[in-house]
Amino acid sequence: MGGYGVQPPPFLCYFVFLTFISYTLSMSSLAVEYKPIIDILEDILGDCRMHNDYKGQLAFDCPVCSYEIKGLDHGDGKGNLEINYKMLVYKCWSCSEMYNTHGSVYKLIKKYGNEKHLKRYELLKPDEVELAVKQYKQVELPKEFISLNNVSEGVKLLPQYRQAMYYLKKRNVTDKIIRKYNIGFAFSGPYENRIIIPSYNEWRQINYFVARSFLSKTKLKYKNPDIQKETIIFNESLIDWSKKIYLVEGAFDSIFLDNSIPMLGKYISDLLFNKIYDLRCELTIVLDGDAWDDAEKLYHRLNCGKLLGRVNIVKLPKDKDIADLQGNLEVYQEFKLD
């Protein structure tokens with residue numbers, strides 16, 4: 001009655017304690033299992049910049065970026081080389097495409113380690129993992145999709161139509177933008193109560209779409225089709241590759257900025273990188289204000305080879321993105337990084 005509430009029964013406390021001990025021991029045994037591999041990698045690559053036990057992920061300064069390209073003695077501190085010691089694969093997020101710094105851990109140790117490292121690794125005999133390729137269906141717009149470009153009077157009576165339009169107007173999406181990008185919504189089905197922005201490939205065929213809930217309270221803001229987004233270039237049909245291209249994060253950013261490509265995240269896909277590189281495009285990177293570190297990494301990855309000197313970047317305030325600014329970047333100058 002001292003105001004501290006009902007105390008849990010002793011057996012429950014004991015059960016929770018045993019569960020915690022069991023989990024701790026399992027995690028410890030997992031760490032011990034991979035420790036010899038981690039030791040080899042740290043011996044070769046030096047200080048680990050990040051270690052995620054749960055994912056089995058390590059990050060090091062890339063030997064190519066830091067030492068071969070920049071000529072540094074102690075690394076650049078960026079931790080661009082990521083290694084998954086459970087999957088036994090690695091990749092540098094900065095120079096992988098230009099310098100082939102990706103592949104199996106065996107390849108990494110063979111290239112940058114010595115004979116002793118390789119023998120120690122071979123004695124462990126870890127199985128190199130081949131990632132299964134998931135099969136995906138052809139993308140189609142949901143059958144419940146209704147384009148807002150030209151709706152009937154009957155549709156305008158739907159409460160979902162009014163909610164969708166209210167959401168778009170609140171985000172300053174104009175009728176002109178709706179027409180240009182064929183923006184629509186769904187009032188029923190799997191994508192119920194969602195704004196839908198379709199993506200069309202260079203032949204004007206649907207290849208993806210982004211579905212964003214227009215409800216204020218929802219567990220899942222975005223629900224997108226079950227395909228690898230790395231296999232498409234969003235709204236490629238609208239891109240003029242001979243003009244300056246803006247790289248942005250999301251679809252709602254791209255609709256406010258002409259000739260922009262949303263990466264659907266903070267990282268560029270191999271497909272988009274190779275297309276831009278082969279065509280020697282002029283680029284401007286404009287990520288959200290809170291993603292400056294990612295923008296810098298993307299800049300240094302792109303500004304090399306055929307693209308050297310053709311890449312610019314814009315730094316937005318931490319609390320802003322292109323959609324907030326309605327694509328108006330006049331007060332934010334483009335510049336180059338050292």
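**Reading a predicted model: confidence, helix α7 and strand β8**

Student: For residues 14-31, under what value does the pLDDT stay, and how many contacts beyond four places in sequence does the model have there?

Tutor: This is a predicted model, and confidence varies along the chain: residues 129-135, for example, are also below 50 and have four contacts beyond near neighbours in sequence. Where pLDDT is low, the predicted coordinates should not be read in detail. For residues 14-31 the model has two contacts beyond four places in sequence, and the pLDDT stays under 50.

Student: What is the average pLDDT of the chain?

Tutor: A score of at least 70 is reached by 85% of the residues. The chain average is 84.

Student: What distance separates the end C-alpha atoms of helix α7, and what span should its residues give?

Tutor: Helix α7 covers residues 159-170, which is 12 residues. At 1.5 Å a residue, the expected span is 16 Å. The end C-alpha atoms agree with this, being apart by 16 Å.

Student: Within what arc do the buried residues of α7 fall?

Tutor: The buried residues of α7 are Gln160, Tyr161, Ala164, Met165, Tyr167 and Leu168. Seen down the helix axis they line one face, because they fall within an arc of 160°.

Student: Which residues are exposed on the other side of α7?

Tutor: The buried residues of α7 pack against α6, α8, β7, β8, β9 and α9. On the other side of the helix, the exposed residues are Tyr166 and Lys170.

Student: Which residues have the most contacts inside the largest nonpolar core?

Tutor: The largest nonpolar core has 47 residues. Leu168 of α7 is in contact with Leu148, Val173, Ile178, Ile183, Ile195 and Phe252, leaving aside neighbours within four places in sequence. A second, separate core has 26 residues, including Trp241 and Met263. In the largest core, those with the most contacts are Leu168, Ile183 and Ile255.

Student: How many residues of β8 are buried?

Tutor: One side of β8 carries Arg194, Ile196, Pro198 and Tyr200, and the other carries Ile195, Ile197 and Ser199. Both faces are covered. The strand is largely enclosed by the rest of the structure, because the count of buried residues is seven of the seven.

Student: How many bridges join β8 to β7, and over how many do β8 and β9 pair?

Tutor: β7 and β8 run antiparallel, with Ala186 opposite Arg194. β8 and β9 also pair in the antiparallel sense, and Ser199 stands opposite Tyr208 in β9. The bridges number three for β7 with β8 and seven for β8 with β9.

Student: Which residue in the turn between β8 and β9 has a positive phi?

Tutor: The two strands form a hairpin with five residues between them. The positive phi in the turn is about 65° and belongs to Arg204.

Student: What phi does Asn182 take, and what phi does Asn172 take?

Tutor: Asn182 lies in the loop between α8 and β7, and Asn172 comes just after α7. Asn182 is not a glycine, yet its phi is positive; the phi of Asn172 is positive too. The values are about 50° for Asn182 and about 65° for Asn172.

Student: Does Asn259 count as buried or exposed, and at what relative accessibility?

Tutor: Asn259 is in the loop between α9 and β11 and has a positive phi of about 55° although it is not a glycine. Buried means under 20% relative accessible area. Asn259 therefore counts as buried, at 13%.

Technical notes
Residues are numbered from 1 along each chain as its sequence is written. This is a predicted model: local features need pLDDT of at least 70, side-chain atom pairs count only at pLDDT 80 or more; totals for chains, interfaces and linings use all residues. Side-chain values use heavy atoms; hydrogens and water are left out. Helices (H or I, at least four residues) and strands (E, at least two) are DSSP runs, numbered from the N terminus. The expected span of a helix is 1.5 Å times one less than its number of residues. Buried means under 20% relative accessible area, exposed over 50%, partly exposed in between (1.4 Å probe, protein chains only). The arc is that of the directions from the helix axis to the C-beta atoms. Contact means heavy atoms within 4.5 Å. pLDDT is the predictor's confidence in each residue, from 0 to 100. A nonpolar core is a set of buried Ala, Val, Leu, Ile, Met, Phe, Trp, Tyr and Cys residues joined through side-chain atoms within 4.5 Å. Two strands pair if DSSP finds at least two bridges between them.
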